[in-house]
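Reader: I'd like to practise reading a model feature by feature. Could you walk me through one?

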Amino acid sequence: MALNKYMHPRNIYKTPPDFGKLSLFYPEFAAISKMDITGKVGIDFKDPHSLRVLTKCLLKSDFNLEVDIPADRLVPTLPLRLNYILWIEDLMEVTHRKENIVGLDIGTGACAIYPLLGAVKNKWKFVGTESDAESFTKAEENVQRNNLQELIKLTKNSTKCIISHLFTYDDKEQFDFCMCNPPFYSNLQELCESRSPARLPPKNGFTGSPQELITEGGELEFCRQLIRESKQYRDNILIFTTMVGHKYNLSVLLQDLKSEGISHTHAEFCQGRVTRWGLAWTYQQYDLYELVPPRGKPRKKHKPTIFLLPELTSCEGSVEVALSKIKEMLDILCIQHKILDKRGGNITLDIVAKNNTWSNQRRKRRLQNRTETVAKVPKLHIEQESTIPNPLNNQVDGESKLEVSEASKSLNIDNITNQSEISESKQDTSSVNSANKTEPLVHAFLKLVKKVDNILLELEFLDGCAGKEGLHQIAQYIKNNWK
Ligand SMILES: C[S@@+](CC[C@H](N)C(=O)[O-])C[C@H]1O[C@@H](n2cnc3c(N)ncnc32)[C@H](O)[C@@H]1O
């Protein structure tokens with residue numbers, strides 16, 4: 001089990017469970033555990049069956065819950081589930097509601113893990129929804145097995161809605177909060193490639209079925225639909241929450257809420273190598289951010305790269321003109337962009353670069369100029385040079401051959417330029433290699449900030465496998481091409 005000091009302060013799994021004790025009390029656990037030569041009892045975290053037995057035994061020993069976890073369904077890791085429940089407890093403090101708390105668990109899964117934990121730990125009542133028939137049946141069995149039918153009601157959701165179906169017959173139904181662990185992925189390939197190769201693999205083995213983990217549009221679309229539906233039922237649920245599995249989606253969702261002026265906060269759920277995030281929003285008068293500020297492991301805040309946009313004759317300090325110029329450049333670079341916020345002369349765009357289209361622009365331009373010069377010389381000369389490949393046709397071999405001969409000619413006058421191009425081209429290769437991965441090369445916020453006479457361009461790195469260096473290269477491209 002993944003454990004670490006960044007868990008919620010009240011998470012009992014901050015202290016590792018005593019596996020020796022578990023193996024004494026639970027024969028099923030003894031069967032999957034081994035003692036090493038130092039006397040330490042351990043299990044194989046990569047084995048889904050061992051994970052299932054561990055979760056079952058901990059639910060029994062720590063919460064007195066009898067839970068059956070089907071072999072083909074997600075094994076709910078308890079440190080994470082508890083981190084989420086504890087954060088909901090913190091959020092409930094804001095509402096000052098202490099009794100008769102009713103929660104909604106969207107997509108409760110085969111174990112109905114959140115309703116079971118919330119009911120035994122806090123006596124919370126729950127409605128749990130589930131779209132998968134088999135998980136729904138198993139969840140009902142788990143609730144009955146623990147005699148919690150008085151507190152937990154489950155409903156099967158056969159619609160495409162996330163919450164709206166609950167209010168069809170009773171639009172007065174009230175919940176204190178909703179929670180949700182949405183399917184994270186939009187397809188199987190994304191599921192397989194989701195983790196950045198730069199990160200250590202998770203310690204735990206893989207569990208879960210496609211119907212639990214995949215949804216059309218992935219978690220981003222799921223959460224956005226929940227936000228859309230929440231607007232219609234703004235007073236039926238006091239605090240809306242969802243878990244988010246990818247940090248880049250969290251950034252987008254935070255911006256969505258911010259741009260609509262919806263009061264919100266978020267949290268980081270840390271458990272070993274796996275980090276998830278919680279997002280909460282409300283239409284009530286609570287200032288969620290002030291009352292339950294984001295809490296997580298201390299991390300370096302990304303300082304934005306800031307520079308002043310050189311004045312455009314046509315720009316005249318107009319942020320709109322600067323915006324259209326920036327958009328034009330991003331389009332040339334095939335960098336996806338979306339306006340997140342437009343307020344008081346400031347514009348924020350979310351930008352995602354999937355391929356490195358900006359590196360070596362200087363070299364490409366120079367080569368293009370030379371090709372054009374070559375094209376202008378008499379025909380005989382062209383024929384002599386005709387073995388030189390066209391540097392613009394993206395044949396890497398051809399390009400590098402030309403680069404060597406041209407670089408040696410211009411070594412004296414252009415030494416510094418060539419040095420930086422060589423390092424750029426090294427990075428270019430690694431970036432292009434990683435461009436096929438699901439993680440973008442660069443994901444950042446691009447802000448145009450209106451000052452008295454000038455416009456500032458702020459670039460804030462969020463994530464991406466090309467790192468901050470990739471963003472600096474984009475900034476450099478904008479600087480060089482701002483005319
Ligand atoms: C990632 S699993 C989470 C299960 C459980 N809550 C947990 O944390 O272990 C997502 C669950 O949501 C269910 N689901 C997906 N779309 C749904 C919808 N529109 N309404 C209800 N359940 C849904 C899936 O069948 C699946 O059981």
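Author: Happily; we will take a sheet, a helix, a single residue and the ligand in turn. Keep in mind that this is a predicted model.

Reader: Let's begin with the sheet. What is the order of its 5 strands?

Author: In general, the strands of a sheet pair through backbone hydrogen bonds, either parallel or antiparallel. Here the order is β10-β14-β13-β12-β11, in an open sheet with antiparallel pairing. At the edges are β10 (305-308) and β11 (336-343), each of which pairs on one side only. From one strand to the next, the twist averages 20 degrees.

Reader: How many bridges join β10 to β14?

Author: There are 4 bridges between β10 and β14 (residues 455-463), and the two run antiparallel. To find your place on screen, look for L308, which stands opposite L456 in β14.

Reader: Which strands does helix α17 touch as it packs on the sheet?

Author: Helix α17 (residues 467-481) touches β10, β12 (346-353), β13 (442-450) and β14. The direction of α17 makes about 155 degrees with that of β14.

Reader: Now a helix on its own. What span does α3 reach from its first C-alpha to its last?

Author: A handy habit is to compare the span with the expected one. Helix α3 (residues 48-63) has 16 residues and reaches 22 Å, close to the 22 Å expected at 1.5 Å a residue. Just after α3 comes N64, with a positive phi near 55 degrees.

Reader: And what do the buried residues of α3 pack against?

Author: Their partners are α1 (19-25), α2 (27-32), β2 (41-43), α4 (78-95) and α5 (113-122). Among the buried residues of α3 are L51, V53, L54, L58 and F63, and also R52.

Reader: Let's pick one residue in α4. Why does T95 count as buried?

Author: T95 lies in helix α4. Its relative accessibility is 10%, and buried means under 20%, so T95 counts as buried. The side chain of T95 reaches the backbone oxygen of M92 at 2.7 Å. Beyond its neighbours within four places in sequence, T95 is in contact with L238, I239 and Y286.

Reader: Last, the ligand. How many residues surround the ligand, and which are the closest?

Author: The ligand is surrounded by 19 residues, the closest being R81, G107, E130, N157 and N181. Next, ask which atoms face each other. A backbone N or O atom of G107 lies 2.8 Å from a ligand nitrogen, while a polar side-chain atom of S131 is 3.2 Å from a nitrogen atom of the ligand. For N181, an N or O atom in the side chain is 2.8 Å from an oxygen atom of the ligand.

Note on methods:
Residues numbered from 1 in each chain as written. Predicted model: local features only at pLDDT ≥ 70, side-chain atom pairs only at ≥ 80, totals over all residues. Heavy atoms only, no water. Pairing = 2+ DSSP bridges. Axes fitted to C-alpha atoms, helices over the stretch in contact; angles between N-to-C directions. Contact = heavy atoms within 4.5 Å. Expected span 1.5 Å × (residues − 1). Buried < 20%, exposed > 50% of the residue type's maximum accessible area, 1.4 Å probe, protein only. Near = heavy atom within 4 Å. Polar contact = N/O pair within 3.5 Å; in protein donor to acceptor, adjacent residues only side chain to side chain.
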